[in-house]
Amino acid sequence: MPAYPLSAHAESTQALYLQHHGWLVGRLRHKLGCAWDAADLAQNTFVRVLAATGQRLDEVAEPRAYLTTIAQRLLANHLRRRQIELAYLDALALLPEPAAPPPDARLMVLETLLTIDRLLDGLPAVARKAFLLWRLEELTQEQIAARLRISRTSVRRHLAAAAQRCYFGDLATPP
């Protein structure tokens, strides 16, 4: 099989990988306590580096700090996903066996929960709470205002912002 020449960015990513991959896996393993998850997150970190073609890696003064920043963002997403998965599994465990959804439906619900979480991530906590009370607990605006101790006008504003995020996704996020 012929070897294809690597771009300058791919070469510098490869050099960064060879120099710092082991260190990054060790750091992540220490934080996670799981070698498999650490290896996955380290690999994803370098995939992000490779995908960031605008970044000149030879100009990065502190490569470990650069890698740590990317890895910490991925780690936060990983831990958040795990927290949502565990909360969902706990909720399922409370259901009687016949009421529990089949595995494919569980996966679909989990992916939907993760998508909603990602979309609501940039909103203030009170806006997220208001939206979840409205959609999940089906409370009225008056009930939400009373529960959160805010005005009905604030509830409307928060619901509109959250709904815009959910319905329009990243388009609703200002540049």
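Mentor: Start with two terms. Contact means heavy atoms within 4.5 Å of each other. Helices (H or I, at least four residues) and strands (E, at least two) are DSSP runs, numbered from the N terminus. The model here is predicted, so local features need pLDDT of at least 70 and side-chain atom pairs count only at pLDDT 80 or more, while totals for chains, interfaces and linings use all residues. Residues are numbered from 1 along each chain as its sequence is written, and side-chain values use heavy atoms, with hydrogens and water left out.

Trainee: How many helices and strands are there in the protein?

Mentor: Seven helices and zero strands. Along the sequence the pattern reads α-α-α-α-α-α-α.

Trainee: What radius of gyration does the protein have?

Mentor: Begin with the rule. The radius is taken over C-alpha atoms, and the globule estimate is 2.2 Å times the number of residues to the power 0.38. For a compact globule of 175 residues that gives a value near 16 Å, but the protein has 21 Å. Its C-alpha atoms fill a box of roughly 65 × 45 × 35 Å along the principal axes.

Trainee: What share of the contacts with a separation of 6 or more comes from residues 24 or more positions apart?

Mentor: The share is 56%.

Trainee: And burial? What percentage of the 175 residues is buried?

Mentor: Buried means under 20% relative accessible area, exposed over 50%, and partly exposed in between (1.4 Å probe, protein chains only). Buried residues make up 30% of the 175.

Trainee: Let's take one helix, H7. How far apart are its end C-alpha atoms?

Mentor: The expected span is 1.5 Å times one less than the number of residues. H7 covers residues 152–168, and its 17 residues should span 24 Å. The end C-alpha atoms are 24 Å apart, which agrees.

Trainee: Which residues of H7 are buried?

Mentor: Ser 154, Val 155, His 158, Leu 159, Ala 162, Ala 163, Arg 165 and Cys 166. Seen down the axis, these buried residues fall within an arc of 160° (taken from the directions from the helix axis to the C-beta atoms), so they line one face of H7. The face turned away from the buried side carries exposed Arg 157, Tyr 167 and Phe 168.

Trainee: Which helices do the buried residues of H7 pack against?

Mentor: Helix H4 (103–120), helix H5 (125–135) and helix H6 (141–148).

Trainee: Where does Ala 161 sit?

Mentor: Ala 161 is also in H7. At 28% relative accessibility, Ala 161 counts as partly exposed. Its C-alpha atom is 9.3 Å from that of Leu 120, although the two residues are 41 apart along the chain.

Trainee: Now the rings. How many aromatic pairs does the structure hold?

Mentor: Rings of Phe, Tyr and Trp (its six-membered ring) pair if their centres lie within 6.5 Å; planes under 30 degrees apart count as stacked, over 60 as edge-to-face and the rest as tilted. The structure holds two such pairs. One of them joins Tyr 17 and Phe 46, edge-to-face at 4.9 Å centre to centre, with 75° between the planes. Tyr 17 lies in helix H1 (residues 8–32) and Phe 46 in helix H2 (residues 35–51), so this pair ties together parts that are 29 residues apart in sequence.

Trainee: Is each partner buried or partly exposed, and what values decide it?

Mentor: Tyr 17 is partly exposed at 28% relative accessibility. Phe 46 is buried at 4%.

Trainee: What does Thr 13 in H1 touch?

Mentor: Set aside neighbours within four places in sequence. Thr 13 is then in contact with Phe 46, Val 49, Leu 50 and Leu 57. Thr 13 counts as buried, at 6% relative accessibility.

Trainee: And Arg 29, also in helix H1: what does it touch?

Mentor: Not counting residues up to four places away, Arg 29 touches Cys 34, Ala 35 and Ala 38. Arg 29 is partly exposed, with a relative accessible area of 41%.

Trainee: Which ring does Arg 135 lie over?

Mentor: A charge sits over a ring if NZ of Lys or CZ of Arg is within 6 Å of the ring centre and within 35 degrees of the ring normal. Arg 135 lies over the face of Trp 134, at 5.2 Å from the ring centre.

Trainee: Last, the backbone. What is phi of Glu 138 and of Arg 149?

Mentor: Phi of Glu 138 is near 55°, a positive value in a residue other than glycine. Glu 138 is in the loop between H5 and H6, and counts as exposed at 66% relative accessibility. Phi of Arg 149 is near 60°, again positive in a non-glycine residue. Arg 149 is in the loop between H6 and H7, and is exposed at 78%.
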